[in-house]
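Let's take a friendly look at the enclosed spaces of this structure. Have the coordinates open as you read along.

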Amino acid sequence: MTARMEKRFAALKAENRPALVTYFMGGDPDYETSLAIMKALPAAGADVIELGMPFSDPMADGPAIQLAGQRALHGGQTLKKTVALAAEFRKTDKDTPIVLMGYYNPIYIYGVEKFLDDAVAAGIDGLIVVDLPPEMDDELCIPALAKGVSFIRLATPTTDDKRLPTVLTNTSGFVYYISMNGITGSALPDPSLVSGAVARIKAHTDLPICVGFGVKTAEHARLIGASADGVVVGTAIVNRVAGSLDAHGKATANTVEETISLVRELSDGVRAARAVAAE
Amino acid sequence: MNTILQPNSYRSGPDENGRFGIYGGRFVAETLMPLILDLQAEWEKAKTDPEFKAELAHLGKHYTGRPSPLYFAERLTEHLGGAKIYFKREELNHTGSHKINNCLGQILLAKRMGKTRIIAETGAGQHGVASATVAARFGLPCVVYMGATDVERQAPNVFRMKLLGAEVRPVTAGNGTLKDAMNEALRDWVTNVEDTYYLIGTAAGPHPYPEMVREFQAVIGDEAKVQMLEAEGRLPDVVIAAVGGGSNAIGIFHPFLDDKDVKIVGVEAGGRGLEGQEHCASITAGSPGVLHGNRTYLLQDGDGQIFEGHSISAGLDYPGIGPEHAWLNDTGRAEYVPIMDHEALEAFQLLTRLEGIIPALEPSHALAEVIKRAPKMGKDEIILMNLSGRGDKDIFTVGKLLGMGE
């Protein structure tokens, strides 16, 4: 894994608080606005940035992220531009890990080797590719690891103890635990079930466990962050972007601030997580 | 194109990872992987289980009406003045198309796995109707995802599904066609993994679906081979079938793949022409990519975004193709050609008037290719075409296009 990712999670551990992992869609609703959002994330409290790569057929995403991807594609976003977005961000922020998240086909068409070279040059730390399970590791995971790019795997409630070792092999950076079967944008699951699942995965790995799906408010972030090493928020952030747009789906003067204000609230949530857990 | 090693047999694929050459595979979300591995294990057991095979054969005979006839189209042959034309009459099956062959096989698997809910995607509605039918027959609830555009242009099938007790959920994303229906079915599956069986209708998707669907459809080619030997004492010179995802085509092709003298031709939907994006000719005009669980030929832009495609026929309106067809194309064993909307429409009318058979718009594409080839072939040569579905569902679409009944 990259030194940047390792350093970040080590620092959080020393602080005894979970990471706030924020997902937003690259290019939603346009390149400049999403760059402004990305640049404002660390100061608002985001510890790790998940940068969404739009895809025409996001089979594991709910309506909010589907629409965000469509807005981005409509605005002319491409994988090349998403990598450029990360590179631009990296010019002024050397410390915040960036993880690209999306589907395999755009990377496959870009060319795996070329994509990885460009990602490394842009300062990208990790990849989450939803439709590449461990059975497909030769496609991108192994080549990514060879170039020092983390490959972050999703574990789900269907990933039982028998399958966990398969999922965790070749996983690096952190483990992304999807707290329920389903698509992005679902309701928050019972936090006690989540803490049980986190404990179960921890028995198999020393990697940090970040938990996502269903986290929408500071209170959710606090509850989930009590047991997890990181809390992932995506749909709620994407919905903030959507809610700030004009009737034609274009960014307004409020788009960046409205989105970032949610991140500040979520940041308060993760910072309160352990304090409450310790009571 | 890549240089492909010629295999000893074209019938041995896929490998244990579900690959046909570079095509196929299991490109799915982790949530689905345990299910797909369970399904594969159950399928491995079932395909060699004599009881499973016997039950499927019994249903095929008494429920579907198999074997379907091999019909010599005398008047069409005479009209075209060349090769003898035979149809494998899959449109005479119960529910009106080849889709029932696969649905019966998969619902027996679903029962074996203890699943209690069936979901399916459909384009033309033929697979949706067949799924709703077997769900009714086996007493399971069934949800069918169908693009909103298709719900409109295939209204008779929507009505049939509803009568059979299925819930039809229109999908408005994208162009509202088969691709969008498949996305939505996958989203349902990933949400309801415990009790739900996803009954995929075509020879595509993650392994083991392409192999499994092919095996359930290969009954078409197996029967046709025996029937052709009975009728003519020899195999056909050319086998032709329409290809959307490609289940009817792989079903009739597969048993002939190692018969080197039999030419294999798949017909893609050329839509309004291959220049723009208004077609579904994935092999002729697309490139390899990854969608819906498999690597195959796709219609896509330079950024790997998938096009919507267009075809007059809802069943062919899909921007990809089954992975085995992609491999058969690259190895050169099969040839894939496009047929335009208007050519299919002309073929539809010709068959209706000459033989008194109303074909679906999907096999009308295959028929248009037959019409092109037969006159150039000798009278001692034979074409076998898969007449995969009947056209009752298309009469309103065709009527509108021809300005009839206004």
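What follows is a short tour of the cavities and the residues around them.

## Cavities overall

Please keep in mind that this is a predicted model. Searching the whole structure turns up 8 cavities of 30 Å³ or more. The largest has a volume of about 330 Å³, and the second largest has a volume of about 240 Å³.

## The largest cavity

If you would like to centre your view here, pick His98(B), Lys99(B), Ser247(B), Gly315(B) and Glu362(B), which lie nearest the centre of the largest cavity. The full lining comprises 29 residues.

Several elements of chain B each supply at least two residues of this lining: the strand β5 (117-122), together with the helices α5 (126-138), α8 (178-191), α11 (247-253) and α15 (361-373). By residue class, the lining of the largest cavity holds 17 polar, 9 nonpolar and 3 charged residues.

## The second largest cavity

For the second largest cavity, move over to chain A, where Tyr23(A), Asp61(A), Ile65(A), Thr184(A) and Gly234(A) are the closest to its centre among 27 lining residues. Two or more lining residues come from each of the strands β1 (19-25), β3 (98-102) and β9 (230-233) and the helices α3 (63-74) and α11 (235-243) of chain A.

Which element gives the largest share of the lining of the second largest cavity? That is α3(A), with 3 residues. As for residue classes, the lining of the second largest cavity divides into 16 nonpolar, 8 polar and 3 charged residues.

Terms used
Residues numbered from 1 in each chain as written. Chains lettered and ligands numbered in written order. Predicted model: local features only at pLDDT ≥ 70, side-chain atom pairs only at ≥ 80, totals over all residues. Heavy atoms only, no water. 1 Å grid on protein atoms, 1.4 Å probe; cavity = no way out; pocket = protein on both sides within 12 Å on 5 of 7 lines; lining within 4 Å. Points joined across faces, edges and corners; volume = space filled by probe spheres on them. Helix = DSSP H or I, 4+ residues; strand = E, 2+ residues; numbered from the N terminus. Nonpolar A, V, L, I, M, F, W, Y, C, P; charged D, E, K, R; others polar.
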